[in-house]
Amino acid sequence: MPRVSVIIPAYNAAATIARTIESVRRQTFHDFEIVVVDDGSTDDTAARVRAIGDPRIKLRSYANGGLSTARNRGIAEAGGEYLAFLDADDLWARGKLESHVVALTRRMEAGAVYSWSCTIDEEDRVLGRHQTASCEGDVYAELLRGFFVGNASNTILRREVVDSVGPYDAALERGEDWEFLVRVASRWRFVVVPQYQVFYRLRAGSISWDVDRMRDGLLITCEKMFGDVPATMQSLKPESLAHIHLYIARSYLTRTADPGAVARAAASLSAAFALRPGMFLNATAFRLCCRWLVARAVSVRAAERASRLFHAAWSRSVPEVDPWG
């Protein structure tokens, strides 16, 4: 049996699936299998997976059931001691698996391990470094406050962890990875590898690009999560909702050219401020407000250019990261 099962749900992922799989095949840790779940693709996703010709790849094809169902089907097919999840358009750094297996081996009390993430564009160019959390141990409360893990391609879990908390909730359209990890955190400890090892792709047409639907889905997910938490933790809900509204405001300013995006961003910022006024002392929230002011005064595109200039200046003090380095 392989030590790690890498589960890749794929729906119409022909443009990226080969690169995603290649980022796994070039890992410094080699005791793994790759379980690709073709979720009813209508393009040549399956053909591109078969063309790779690696015996470590198990391709399973099903009628379309959605992202959570595809992940659950991958879990059922997986035989590894550890389960790793990777979306079909994201990439891993070469040391991702090795560092995470080492972390879980050294910290036997931990059930999950995660690292830091960068965003990349359709050409694998790094756009930003947005997720650098360092929460460890009992992270239940922190994860309820906000999804510091950042994306579904980040965590690696012991098999018994997944067995203990149950499958992904297929009824949730957005934030299902957050809700799943909240259930994990309610029972298990986390450990972090403080390195940029996940490259999360932003591309037009992806699930996260429909900001209105993302907003509605995340609010439903938040309600579901807090419907299951103890009374002593209900006080965290306003902060959780505020973080959702901040994320949605940023998404309106970065993922849509809709003329109404600035107004929708303003509504989300107002909602966040009403829930947690103090969070606007946070540097990230302050920068987002400045970005909104530029977008309101000029345009969303101008705000994007200003943000890129700021990021370029800030990045001079940050070590370079390269998905294929």
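## Overview

A residue counts as partly exposed when its relative accessible area falls between the buried class, under 20%, and the exposed class, over 50%. Glutamate 81, with a relative accessible area of 39%, is therefore partly exposed. That label will come up several times in this tour of a predicted model.

Let's start with the whole chain. Its secondary structure comes to 12 helices and 9 strands. There are 325 residues in the chain, and buried ones make up 53% of them. Take the contacts in the chain with a separation of 6 or more: 74% of them are between residues 24 or more positions apart.

## Strands around S9

Strand S9 covers residues 189–201, and it pairs with strand S5 (residues 91–92) in the antiparallel sense, over 2 bridges. Look for tryptophan 92 here: it stands opposite valine 198 in S9.

Strand S9 also pairs with strand S6 (residues 110–120), but this time the strands run parallel, joined by 9 bridges. One spot to pick out is cysteine 118, whose bridge partner in S9 is phenylalanine 199. As for the side chains, those in a regular strand alternate between the two faces of the sheet.

## The nonpolar cores

In soluble globular proteins, nonpolar side chains tend to be buried together. Here, the largest nonpolar core has 59 residues. The members that touch the most other members are Leu143, Leu144, Leu157, Phe180, Leu181, Val184 and Phe190. Helix H9 (residues 237–254) gives the most to this core, with 8 residues. There is also a second, separate core of 31 residues, which includes Ile8, Ala10, Leu59 and Ala103.

Phenylalanine 190 is a good one to click on. Setting aside its neighbours within four places in sequence, phenylalanine 190 is in contact with Leu143, Leu181 and Val184, among others. Its contacts also include Arg107, Tyr114 and Glu136.

## Lysine 96, buried without a salt bridge

Now for lysine 96, which sits in helix H4 (residues 96–106). This lysine is buried, yet it has no salt bridge. How far away is the nearest side chain of opposite charge? That side chain belongs to aspartate 90, and it is 10 Å away. A salt bridge needs the side-chain nitrogen within 4 Å of a carboxyl oxygen, so aspartate 90 does not qualify as a partner.

What does the side chain of lysine 96 make a polar contact with? The answer is the side chain of histidine 100, at 2.9 Å. Leaving out neighbours within four places in sequence, lysine 96 is in contact with Gln27, Ser115, Ser153, Asn154, Gln197 and Val198. Val198 is a name you've already met, as the residue in S9 opposite tryptophan 92.

## Salt bridges

A search of the whole structure finds 27 salt bridges. One of them joins arginine 3 to glutamate 81, with the closest N and O atoms 3.3 Å apart. This pair links distant parts of the chain, 78 residues apart: arginine 3 is in the segment before strand S1 (4–10), while glutamate 81 is in the loop between helix H3 (67–77) and strand S4 (82–85). Arginine 3 has 27% relative accessibility, so it counts as partly exposed, and glutamate 81 is partly exposed as well, at 39%.

Another salt bridge is found within a helix. Glutamate 22 and arginine 25 have their closest N and O atoms 3.0 Å apart. Because they are 3 residues apart in helix H1 (residues 17–25), about one helical turn separates them. Glutamate 22 is partly exposed at 31%, and arginine 25 is partly exposed at 30%.

In a third example, the side chains of arginine 56 and aspartate 54 meet at 2.8 Å, N to O. Arginine 56 is partly exposed, with a relative accessible area of 26%, whereas aspartate 54 is buried, at 11%. Elsewhere, salt bridges that share partners join Asp169, Glu179, Arg183, Lys224 and Asp228 into one network.

## Aspartate 43 and alanine 14

Last stop: aspartate 43, in the loop between strand S2 (32–39) and helix H2 (45–52). Aspartate 43 is partly exposed, with a relative accessible area of 31%. Not counting residues up to four places away in sequence, aspartate 43 touches Asn12, Ala13 and Ala14.

Aspartate 43 and alanine 14 are 29 residues apart in sequence, while their C-alpha atoms are 6.6 Å apart in space. A polar atom of the aspartate 43 side chain lies 3.2 Å from the backbone nitrogen of alanine 14.

Conventions: Residues are numbered from 1 along each chain as its sequence is written. This is a predicted model: local features need pLDDT of at least 70, side-chain atom pairs count only at pLDDT 80 or more; totals for chains, interfaces and linings use all residues. Side-chain values use heavy atoms; hydrogens and water are left out. Helices (H or I, at least four residues) and strands (E, at least two) are DSSP runs, numbered from the N terminus. Buried means under 20% relative accessible area, exposed over 50%, partly exposed in between (1.4 Å probe, protein chains only). Lys and Arg count as positive and Asp and Glu as negative; His and the chain ends are not counted. A polar contact is a pair of N or O atoms within 3.5 Å; within protein, one must be able to donate a hydrogen and the other to accept it, and residues adjacent in sequence count only if both atoms are side-chain atoms. Contact means heavy atoms within 4.5 Å. Two strands pair if DSSP finds at least two bridges between them. A nonpolar core is a set of buried Ala, Val, Leu, Ile, Met, Phe, Trp, Tyr and Cys residues joined through side-chain atoms within 4.5 Å.
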